[in-house]
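Let's look at this structure together and ask how each label is earned. Each reply sets a value beside the rule it has to meet.

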Amino acid sequence: MQGRPPRQMHLSAQLMFTPAMHAIGSWAMPGNETLPQLTKLEFWQDVARMCEESYFDMAFFADHLAPDDVYRDGNRKLAIEYGVQFPVLDPLFLIPAMAAVTAHVGFAATMSTTYYPPFMLARKMATLDHVTDGRIGWNVVSSFAKTEMRAMGLTDFVPRDRRYAQAEEYLQICYRFWSSWAPDALRADPETMSLFDSSKVDYVTYKGEFFDVDGCLPVHASPQGRPVILQAGASPQGRDFAARHAEGIFSIRTTAAAMAEFADDIRARAVRQGRSPNDVKILFGAQLVQGRTDEEANERLVQLRESVNLEGALAKLSGRTGVDWAGHDLDAPLTQMDVPGVQGVLDMFTGRPEGEVPLTLRQAAIEFAVSSGSPQIVGSADTIADEMERLFVEGRGDGFLITPSVLPESFRHFADEVAPRLQKKGLLRSRYQGRSLRDLLFEDPN
Ligand SMILES: Cc1cc2nc3c(=O)[nH]c(=O)nc-3n(C[C@H](O)[C@H](O)[C@H](O)COP(=O)(O)O)c2cc1C
């Protein structure tokens with residue numbers, strides 16, 4: 001690395017508008033305010049300010065619309081009982097408030113191509129891009145939970161291939177809507193009272209297998225033209241979709257070697273789609289558990305694990321894998337199998353590095369309940385900064401999707417203690433350049 005400054009990492013927060021985001025039980029942890037402050041805009045504005053103090057590219061909101069209901073023969077109440085990422089309020093209403101108190105950090109929201117008509121999504125995203133002054137991104141999900149589909153009124157489970165095929169058409173329609181207004185369409189001529197040059201605004205017509213659309217986007221061209229496209233698919237179909245469209249990809253891999261393998265695979269897929277490997281920024285999930293010392297951080301991790309109710313944990317694991325784990329031996333090691341839900345969730349517990357003892361069902365459920373699968377970086381600020389550096393270099397990603405363990409404490413400590421250490425190592429920007437979220441993701445600080 002001598003002679004050349006190190007690459008700098010891109011960082012995103014991973015948030016959810018729910019009392020216990022990615023660690024169930026965290027609402028009861030000391031220092032956590034997501035339960036009493038959940039619906040206070042000032043709380044979320046503070047979160048946005050901390051993201052900006054840490055020079056994050058963005059604060060991303062994951063979303064999950066229905067309580068998990070696979071465990072115990074489809075029990076519909078357990079996930080509600082134990083607050084398994086539930087309730088979950090609509091984050092779109094937080095973003096303008098968070099943008100109002102920040103100037104640089106971007107925001108991203110998750111919306112499903114299976115639930116919203118493309119016209120509605122194109123309008124919402126274009127509006128958000130205006131009111132954030134070009135700082136919006138969209139995490140494109142096609143959705144996988146039957147409970148969500150039933151709540152939306154879909155009676156047939158839509159299989160993955162079909163969802164991705166539909167998402168493909170969906171994006172083509174959105175792209176057309178977002179480019180249907182020329183940036184210079186505004187005329188505002190007081191002589192003629194012509195407001196827009198209507199020759200610079202197109203109706204969008206599209207007829208495909210899934211959609212038949214004929215309409216005019218009711219939002220003029222927004223600062224970024226279109227939101228930054230983010231994606232987190234893991235299957236071969238999901239990876240190809242991401243490699244075709246995404247500007248940012250979120251992924252959860254538990255080791256540096258698995259990160260590197262994923263990053264190489266995505267970049268190779270992007271090249272096969274005619275893109276440059278640098279057109280896609282790959283951010284790996286990491287959950288931070290910080291203490292003043294490594295010992296204190298380890299105690300916090302123990303506390304986090306103890307805050308988990310096992311029934312809630314099994315409800316979450318069952319919901320995500322699509323397997324009802326009731327009646328399985330809690331203390332037997334998990335074995336590899338095909339699951340109807342998110343395969344990657346099971347794989348991260350069965351595919352442990354060689355030499356490591358496989359986790360039992362009980363351990364995996366608690367692990368997943370606490371971290372949602374993200375690898376944990378546990379320790380003092382020095383330990384965290386060093387481990388982030390190692391994973392960044394060895395994992396060959398472009399940065400991290402940082403999941404707080406308790407909020408706001410995790411982000412306060414990150415901004416005060418970890419970000420300055422990363423900056424000192426030359427791994428994190430010390431000032432923002434550019435104006436838009438896209439500028440942040442693609443600026444080359446070197
Ligand atoms: C970091 C990360 C964040 C995700 N966020 C969401 C989300 O907020 N909502 C959602 O429905 N799915 C979310 N997903 C799920 C993915 O969009 C995708 O559906 C899942 O990984 C399965 O993809 P596959 O069908 O291509 O295997 C997320 C996945 C990852 C890895």
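Q: What makes the pair formed by the ligand and the side chain of S235 a polar contact?
A: An oxygen atom of the ligand lies 2.6 Å from an N or O atom in the side chain of S235. A polar contact is a pair of N or O atoms within 3.5 Å (within protein, one must be able to donate a hydrogen and the other to accept it, and residues adjacent in sequence count only if both atoms are side-chain atoms), so this pair qualifies. As for the ligand's surface, taken alone it exposes 630 Å², and the protein buries 88% of that; such areas come from the Shrake-Rupley method with a 1.4 Å probe, and for residues only the protein chains shown count as cover. Please keep in mind that this is a predicted model, where local features need pLDDT of at least 70, side-chain atom pairs count only at pLDDT 80 or more, and totals for chains, interfaces and linings use all residues. Residues are numbered from 1 along each chain as its sequence is written, and side-chain values use heavy atoms, with hydrogens and water left out.

Q: Which distances do the side chains of R160 and Y164 show to an oxygen atom of the ligand?
A: For R160 the distance from a side-chain N or O atom is 2.8 Å, and for Y164 it is 2.6 Å.

Q: How many residues surround the ligand, and which are the closest?
A: There are 16, and the closest are D63, R160, Y164, A234 and S235. A residue is near a molecule or strand if one of its heavy atoms lies within 4 Å of it. The shell divides into eight nonpolar, six polar and two charged residues. Here Ala, Val, Leu, Ile, Met, Phe, Trp, Tyr, Cys and Pro count as nonpolar, Asp, Glu, Lys and Arg as charged, and the others, Gly among them, as polar.

Q: Why is S194 called buried?
A: Its relative accessibility is 17%. Buried means under 20% relative accessible area (exposed is over 50%, partly exposed in between, with a 1.4 Å probe and protein chains only), so S194 counts as buried.

Q: Where does S194 lie, and what is it in contact with?
A: S194 lies in strand β6, residues 194–196. Strands (E, at least two residues) and helices (H or I, at least four) are DSSP runs, numbered from the N terminus. Leaving aside neighbours within four places in sequence, S194 is in contact (heavy atoms within 4.5 Å) with R187, A188 and D189.

Q: How do you know that β5 and β6 pair?
A: Two bridges join strand β5 (residues 186–189) to β6, and the strands run antiparallel. Pairing requires that DSSP finds at least two bridges, so the condition is met. D189 has S194 as its bridge partner in β6.

Q: What makes β7 and β8 a pair?
A: Strand β7 (residues 204–207) and β8 are antiparallel and share four bridges, with D212 of β8 as the bridge partner of K207. They form a hairpin with four residues between them.

Q: Which side chains of β8 are buried?
A: In strand β8 (residues 212–215), V213 and G215 point to one face and are buried, while D212 and D214 point to the other and are not.

Q: Why is R269 called buried?
A: R269, in helix α9 (residues 256–272), counts as buried because its relative accessibility is 13%. Not counting residues up to four places away in sequence, R269 touches P236, R239, D240 and A243.
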